[in-house]
Amino acid sequence: MPLPSRFVSGVLLLGALCGLGACGERLDGVHVTLGLEHRATSHGVEASGGGRSLTRTDGQTLTLTRGYVTLGSVELKPCEEALGWRLLRAMSPLGTAHAHSAGSPRLLGTPHVSGLERPDGNVLTLGTLRPAPGRYCRARLTFEPADTDAEGLRAAADSGVDMVGRTLWLEGTRVPAGGGEPQPFRLVTSNIASVEVVLDGLTLSEEEPTAERTFVLAWDTWLANVDLESQGAAAAVLDTVARSVAMSSVAP
């Protein structure tokens, strides 16, 4: 029984693309090391002794005395597929499943609790991914509640904060515009927030098998425009934490 012409065409195209290295095969030694750091991105802020202070545009002065955020996962996103690969998918009689798990070569699924007691610019190594060779244009970071196996729980517990089941914990004081007594505040949430960050030309190949990328959390933007007395303040701050992520030039 002759094979369908559509199937034969798909096999021929698959062979051609594989010959060009488009099949996404794994290569030994190909890996990406990821890191995370805290850093202020504007003037008029201070970071010393584990505390962080900033003066908002409305005149309030905020000081963060304790702060922790849980980064649940980081997933590398390949660049848009080439036309030939999309044609192959269209012609193929077989379905293609897309699934990710903690063991995916493009997904770093180990949660990390990152604390502000770490000085600005001090990079926390998140781990190493071993994806297939290719171009990766974006990374998806998801902030979610820490489980009991999350990295960094001990440091948080040593400062009196239990981060199990929590995504964000911020404590500090604020001084109203014009001065006055410092007023304490605490923001805690177990919400989930995700963001996609553009990677700066991440290409992995046999010629360039390794890379390092560090993500920056711009802590000075977290409270810049949030009403700390509102009911949803903690969730709003977590969303701002996610939006503050950028790429750093610092290696893990």
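This text walks through a predicted model of one protein chain, from its overall make-up to single residues.

Start with the whole chain. It has 252 residues, and 39% of them are buried. Four helices and 13 strands make up its list of regular elements. The exposed surface comes to about 13100 Å². Carbon and sulfur atoms supply 52% of that surface. Now look at how the chain folds back on itself. Take the contacts with a separation of 6 or more: residues 24 or more positions apart account for 79% of them.

Next, find the open sheet of four strands. Its order is S7-S1-S12-S13, and the pairing is mixed. Strand S7 (124-129) and strand S13 (245-248) form the edges, each pairing on one side only. From one strand to the next, the twist averages 25°.

Within this sheet, follow strand S1 (residues 31-38) and strand S12 (residues 210-217). The two run parallel and are joined by eight bridges. Thr33 is a good place to stop. This residue belongs to strand S1. Across from Thr33, in S12, stands Glu212. Is Thr33 buried or exposed? Thr33 counts as buried, because its relative accessibility is 16% and the cut-off for buried is under 20%. Beyond residues up to four places away in sequence, Thr33 touches Thr125, Gly127 and Thr128. On the list too are Ala211, Glu212, Arg213 and Pro252. Thr125, Gly127 and Thr128 fall within the range of edge strand S7 (124-129).

Move along S12 to Phe215, which is found in that strand. Phe215 has 0% relative accessibility, so it counts as buried. What does Phe215 touch, not counting residues up to four places away in sequence? Its contacts include Leu34, Gly35, Leu36 and Glu37. Those four lie within the span of S1, residues 31-38. Phe215 also touches Val245, Ala246 and Met247, which sit in the range of S13 (245-248). The remaining contacts are Val74, Ala139, Leu141 and Leu199. Leu141 shows how the chain returns to this spot. Phe215 and Leu141 are 74 residues apart in sequence, yet their C-alpha atoms are 9.5 Å apart in space.

Now step back to Val30. This residue is found in the loop between helix H1 (5-19) and S1. Val30 has a relative accessible area of 2%, so it is buried. Leaving aside neighbours within four places in sequence, Val30 is in contact with Leu129, Arg130, Pro131 and Pro133. Leu204, Ser205 and Pro209 are contacts of Val30 as well. A distant stretch of sequence also comes in here. Val30 and Ala211 are 181 residues apart along the chain, with 8.6 Å between their C-alpha atoms.

Turn to another strand pair. Strand S4 (residues 61-78) and S6 run antiparallel, joined by four bridges. Thr70 stands opposite Val113 in S6. Which way do the residues of strand S6 (residues 112-115) point? His112 and Ser114 point one way, and Val113 and Gly115 point the other. All four are buried.

Val45 offers a contrast in exposure. This residue is found in strand S2 (residues 45-48). Val45 counts as partly exposed because its relative accessibility is 22%. Leaving aside neighbours within four places in sequence, Val45 is in contact with Ala40, Ser53, Leu54, Trp219 and Asp220. Val45 and Asp220 are 175 residues apart in sequence. Their C-alpha atoms are 7.2 Å apart in space.

Trp219 appears again in a charge-and-ring arrangement. The charged end of Arg52 sits over the ring of Trp219, 5.7 Å from the ring's centre. Aromatic pairs are another matter: the structure holds zero of them.

Finish with Thr148. This residue lies in the loop between strand S8 (134-143) and helix H3 (153-158). Thr148 is exposed, because its relative accessible area is 62% and the cut-off for exposed is over 50%. Not counting residues up to four places away in sequence, Thr148 touches Leu153 and Val164. Leu153 opens the range of helix H3 (153-158). Thr148 and Pro111 are 37 residues apart in sequence, and their C-alpha atoms are 9.6 Å apart in space.

Methods: Residues are numbered from 1 along each chain as its sequence is written. This is a predicted model: local features need pLDDT of at least 70, side-chain atom pairs count only at pLDDT 80 or more; totals for chains, interfaces and linings use all residues. Side-chain values use heavy atoms; hydrogens and water are left out. Rings of Phe, Tyr and Trp (its six-membered ring) pair if their centres lie within 6.5 Å; planes under 30 degrees apart count as stacked, over 60 as edge-to-face and the rest as tilted. A charge sits over a ring if NZ of Lys or CZ of Arg is within 6 Å of the ring centre and within 35 degrees of the ring normal. Buried means under 20% relative accessible area, exposed over 50%, partly exposed in between (1.4 Å probe, protein chains only). Contact means heavy atoms within 4.5 Å. Accessible areas come from the Shrake-Rupley method with a 1.4 Å probe; for residues, only the protein chains shown count as cover. Two strands pair if DSSP finds at least two bridges between them. Axes are lines fitted to C-alpha atoms, for helices over the stretch in contact, and angles run from 0 to 180 degrees between N-to-C directions.
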